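This report describes the spaces and bound ligands of one protein model. It starts with a pocket, moves to the two ligands and ends with a cavity and the overall fold.

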Amino acid sequence: MNKITLITGATSGIGRSCAVVFAKNKHDLIITGRREKILNDLSKELIAEYGVKVMALAFDIRNNSEVSAAVISLPEEWKNIEILINNAGLAVGLNSIQDGVIDDWERMIDTNIKGLLYMSRAILPLFINNGKGHVINIGSIAGKEVYPNGNVYCATKHGVDALTKAMRIELVKENIKVTQVAPGAIETEFSLVRFKGDSEMADKVYKGYQPLEADDVANSVFYVTTLPEHVNINDMVIMPTAQASATIFNKND
Ligand code: NDP
Ligand code: 8X3
């Protein structure tokens, strides 16, 4: 087997781009997400194009029984995972707290915080057993700043920021690297999900400036895995050149 990398949320956006970049660089992959057909199609594509091994596992990361069953079901040779990319996540809605939709809050908290914890809880014992590993958590500029109506999404990404620091403190003695990659605006399915399928609203988010592409982030994620054993990047904030903060853009309209 090549080096094994597990990527959550590989059916779209950053996760999908990471799958392509890591496969290109000869990593065998465990790719996850809920949309099974997309996972299976991607899996076939990566095997054919790059000659790597790919295991597709479809499950809902919000459900701890599904997460642990998927990890337990891995054949022994696939348990030698070296890199975990905790990428699956989403924003749903953009409302003030007083107008908030409880179900939206629960989807974000359950996916972005609890899902990342379930996945980490399942994989970290394997890393500890192997005496090494690298966790890369996909945070956000929303985990560094709070913006109007971003409340719960920002709280979940501040949670990812805190959990990344916690993991680094708790895993340093285990020879496990922990990195956060925290991007600004990237054109993916993110805004379509946030605006519940309203493509006009989603398109507006990326108008008048050049957002990041998923590949920009995937290449950065890959870069942090290429450093020498004794070097770790703790935190990487990656922004479009035209974005100075969560809310300040250089837009031409
Ligand atoms: P996409 O919507 O394109 O991708 C999100 C991925 O997460 C999909 O593969 C989706 O898979 C998966 N996912 C969502 N919910 C679940 C679930 N319950 N169980 C399993 N998988 C799930 O968005 P991005 O690629 O942009 O987002 C990836 C990460 O990057 C997220 O954590 C997001 O918060 C973060 N981010 C995004 C930014 C942006 O501007 N786009 C900026 C900063 C950070 P499926 O639907 O098949 O389950
Ligand atoms: C996604 C970026 O600024 O829309 O995490 O929250 S933002």
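The lining of the second largest pocket is made up of 7 nonpolar, 6 polar and 6 charged residues. In this classification Ala, Val, Leu, Ile, Met, Phe, Trp, Tyr, Cys and Pro are nonpolar, Asp, Glu, Lys and Arg are charged, and the others, Gly among them, are polar. The model is a predicted one, in which local features need pLDDT of at least 70 and side-chain atom pairs pLDDT 80 or more, while totals for chains, interfaces and linings use all residues. Residues are numbered from 1 along each chain as its sequence is written, chains are lettered from A and ligands numbered from 1 in the order in which they are written, and side-chain values use heavy atoms, without hydrogens and water.

**The second largest pocket**

The second largest pocket holds about 370 Å³ of space. It has 19 lining residues, and Gly133, His134, Asn175, Lys177 and Glu229 are the closest to its centre. Strands E4 (81–86), E5 (133–138) and E6 (176–183) each give two or more residues to this lining; E6 gives the most, with 3 residues. A pocket is an open set of points on a 1 Å grid over the protein atoms alone, with protein on both sides within 12 Å along at least five of seven lines; a cavity is a set where a 1.4 Å probe fits but cannot get out, and lining residues have an atom within 4 Å of a point. Points are joined across faces, edges and corners, and a volume is the space filled by probe spheres set on them.

**The two ligands**

Ligand 1 has 29 residues around it, and Thr11, Ser12, Arg34, Tyr153 and Thr188 come nearest. A residue counts as near if one of its heavy atoms lies within 4 Å. This shell divides into 11 nonpolar, 12 polar and 6 charged residues. Helix H1 (13–24) and H5 each supply at least two of its residues.

Ligand 2 is surrounded by Ser140, Ile141, Ala142, Tyr147, Tyr153, Phe190 and Arg194. By class, these are 5 nonpolar, 1 polar and 1 charged.

The table gives polar contacts, meaning pairs of N or O atoms within 3.5 Å.

| Ligand atom | Protein partner | Distance |
|---|---|---|
| Ligand 1, oxygen | Thr11, side chain | 2.7 Å |
| Ligand 1, nitrogen | Asp60, side chain | 2.9 Å |
| Ligand 1, oxygen | Glu189, backbone | 3.2 Å |
| Ligand 2, oxygen | Ser140, side chain | 2.5 Å |
| Ligand 2, oxygen | Tyr147, side chain | 2.6 Å |
| Ligand 2, oxygen | Tyr153, side chain | 2.5 Å |

On its own, ligand 2 has 240 Å² of accessible area, and the protein covers 84% of it. Ligand 1 taken alone exposes 880 Å², of which the protein buries 96%. Accessible areas come from the Shrake-Rupley method with a 1.4 Å probe.

**The cavity**

A search of the whole structure finds 1 cavity of 30 Å³ or more. The largest cavity has a volume of about 60 Å³. Its lining has 14 residues, with Val92, Asn95, Trp105, Met108 and Asn151 nearest the centre. Helix H4 (102–130) and helix H5 (151–171) are the elements that give two or more residues to this lining. By class, the lining has 6 nonpolar, 6 polar and 2 charged residues.

**The fold as a whole**

The protein has 8 helices and 7 strands. These are DSSP runs numbered from the N terminus, with at least four residues (H or I) for a helix and at least two (E) for a strand. The radius of gyration is 18 Å, close to the 18 Å that the globule rule gives for 253 residues, so the protein is as compact as a globular protein of that length. The radius is taken over C-alpha atoms, and the rule is 2.2 Å times the number of residues to the power 0.38. Along its principal axes the C-alpha trace spans about 50 × 40 × 35 Å.

Key. Polar contact = N/O pair within 3.5 Å; in protein donor to acceptor, adjacent residues only side chain to side chain.
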